[in-house]
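Dear colleague,

I am passing on a structure that you have not seen before, and I would be glad if you kept it open while you read the notes below.

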Amino acid sequence: MFNVEMYQGKKEKNYELVQKQLLALIEDETNRIANLSNAAALLNQFLDEINWVGFYLYEEDQLILGPFQGLPACVRIPMGKGVCGTSAATEKTLRIEDVHQFPGHIACDAASRSEIVIPLMKDGKLLGVLDIDSPITDRFDEMDQQGLEKFAEILSNHL
């Protein structure tokens, strides 16, 4: 059973807690969709000031919508297009302060102002991306990036 935690205190400690919660949720489960679904729900509960969190999975040289929390989203994203496609193509985290300043941004939710996208990698292969949007400009900082990259690493190792 999952107990809702109140994330209080330092951001770094909160990320350590949510990473432990993720591991507890997925360590004995082998189903990829179940693990991605629980990961999206956990992040949606953990992060404040976000309007979308979820996954795009790499298939047939494109990203296809996976489990998420938020409004309905774009279903297919070509590699190299928008923030998600660029992150996937370069296999690098992208932390965008203002999505309206990002060339080729794909607006799935008009309320989104900032975004962070983390590639999901396993054994040197791209599995997909973790995508998080916020209605607040410059919502994500270096500590968020580090915490979410570790979260994505833990998750990728169980996919």
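**How the helices and the sheet are arranged**

Helix H2 passes helix H4 in a right-handed crossing. Please bear in mind throughout that this is a predicted model. The contact between these two helices is made by Asn35, Leu36, Ala39, Leu42 and Leu43 of H2 together with Leu148, Phe151 and Leu155 of H4, and by class these residues divide into seven nonpolar, one polar and no charged. The axes of H2, which covers residues 32-46, and H4, which covers residues 142-156, come within 11 Å and cross at roughly 160°. Because of that angle, H2 is roughly antiparallel to H4.

Helix H1, residues 11-26, meets both of these helices, and I take its two contacts in turn. With H2, the axes come within 10 Å and cross at roughly 155°, and the two helices are therefore roughly antiparallel to each other. The crossing of H1 and H2 is right-handed. On the H1 side the contact holds Asn14, Tyr15, Val18, Gln21, Leu22, Leu25 and Ile26, which meet Asn35, Asn38, Ala39, Leu42 and Phe46 in H2; the classes here are eight nonpolar, four polar and no charged residues.

With H4, helix H1 packs at an angle of about 15°, the axes being 10 Å apart, so that H1 is roughly parallel to H4. This crossing of H1 and H4 is right-handed. The contact is made by Lys11, Glu12, Tyr15, Val18, Gln19, Leu22, Leu23 and Ile26 of H1 and by Met143, Asp144, Gly147, Leu148, Lys150, Phe151, Ile154 and Leu155 of H4. Sorted by class, the contact of H1 with H4 has ten nonpolar, two polar and four charged residues.

Turning to the strands, you will find an open sheet of six, in the order S3-S2-S1-S6-S5-S4, with antiparallel pairing. Its edge strands are S3 (76-78) and S4 (94-96), each of which pairs on one side only. Neighbouring strands of this sheet are turned against each other by 25° on average, if direction is ignored. At the S4 edge, three bridges join S4 to strand S5 (residues 114-122), and these two strands run antiparallel; as a point to look for in the viewer, Arg95 stands opposite Ile116 in S5.

Which helices lie against this sheet? Helix H4 packs on the sheet, touching S1, S4, S5 and S6, and its direction makes about 30° with that of S5. Helix H3 (residues 82-90) lies across S1 (52-59), S2 (62-70), S3, S4, S5 and S6 (125-134), and H3 likewise runs at about 30° to S5. Helix H4 thus appears both in the contacts with H1 and H2 and in the packing on the sheet.

Finally, there is one annotation to set beside the model: an unreviewed UniProt entry places the feature "domain: GAF" at residues 31-159. In the model, the end C-alpha atoms of residues 31-159 lie 8 Å apart, and this span is 30% helix and 33% strand.

With kind regards

Note on methods
Residues numbered from 1 in each chain as written. Predicted model: local features only at pLDDT ≥ 70, side-chain atom pairs only at ≥ 80, totals over all residues. Heavy atoms only, no water. Axes fitted to C-alpha atoms, helices over the stretch in contact; angles between N-to-C directions. Helix = DSSP H or I, 4+ residues; strand = E, 2+ residues; numbered from the N terminus. Parallel < 35°, antiparallel > 145°, perpendicular 65-115°, else oblique. Left-handed = near helix turned anticlockwise from the far one by under 90°. Contact = heavy atoms within 4.5 Å. Nonpolar A, V, L, I, M, F, W, Y, C, P; charged D, E, K, R; others polar. Pairing = 2+ DSSP bridges. UniProt positions renumbered as here; feature names shortened; annotations may be inferred.
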